[in-house]
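Here's a quick look at charged side-chain pairs in a predicted model. Have the structure open and follow the pairs as they come up.

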Amino acid sequence: QPLPGGHILLTESGAKPRLMEIDRKGKVYVEFPLKCQLGNPHMQTRMARKLPNGHYLVPHLLDNAVREYTPQGDVIREAQTKDWPFTAIRLENGHTLDNLTHGNKTVELDGKGKVVWKIANDDFAEKPFADPCGGQRLPTGNTIVANDARTGPSKVFEGTPDRKIARK
């Protein structure tokens, strides 16, 4: 994630997974180990994001968890998901929007990790979800979902709060 001031947020998978905030010359400003499973490096994390409060929101796929870390690496909040979280986006209302790739759904979790909204293939005859990896909540309240192109034709669609498709 490109950050203001020219910094870049990235995660590194492997035997010692970590989060780093670096500048474009490689100088490290923040670095800490991620608390996640070590058995499958490919499935440790995706799409970490820095929050306005300076914390970091990190989805951990095989842990079925989204964790909020402080800049010192302490986990201060964790939401368990039933499926692999690929994207986690903190919304203005404090909730977190998660694209659950393995579950073919997008959920909104409150601050305690309870699902308060969900849109999924079960809501549609045409099954628009195919490994959702990206998404974004729009100012209209609609949610954009982007599927992994390797799972079939790339699909991007916009879902409404009442679980209808606004457009594909």
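Searching the whole structure turns up eleven salt bridges. Three of them are picked out here, with the N to O distance for each.

| Acidic partner | Basic partner | N to O distance |
|---|---|---|
| Glu31 | Arg18 | 2.4 Å |
| Glu68 | Arg77 | 3.6 Å |
| Glu68 | Arg90 | 3.0 Å |

Let's take Glu31 and Arg18, whose side chains meet at 2.4 Å. This pair links distant parts of the chain: Glu31 sits in strand E3 (residues 28-33), while Arg18 belongs to strand E2 (residues 18-22), with their positions 13 residues apart. Glu31 is partly exposed, at 43% relative accessible area. Arg18 also falls in the partly exposed class, with 23%.

Now for Glu68, which pairs with Arg77 at 3.6 Å. Is Glu68 buried or exposed? With just 3% relative accessibility, Glu68 counts as buried. Arg77, by contrast, is partly exposed at 30%.

Glu68 has another salt bridge, to Arg90, where the closest N and O atoms are 3.0 Å apart. Glu68 lies in strand E6 (residues 65-69) and Arg90 in strand E8 (residues 85-90), so this contact ties together parts of the chain 22 residues apart in sequence. Arg90 comes out as partly exposed, at 21% relative accessibility.

Some partners are shared elsewhere too: Glu12, Arg18 and Glu31 are joined into one network by their salt bridges.

Methods: Residues numbered from 1 in each chain as written. Predicted model: local features only at pLDDT ≥ 70, side-chain atom pairs only at ≥ 80, totals over all residues. Heavy atoms only, no water. Salt bridge = Lys/Arg side-chain N within 4 Å of Asp/Glu carboxyl O. Helix = DSSP H or I, 4+ residues; strand = E, 2+ residues; numbered from the N terminus. Buried < 20%, exposed > 50% of the residue type's maximum accessible area, 1.4 Å probe, protein only.
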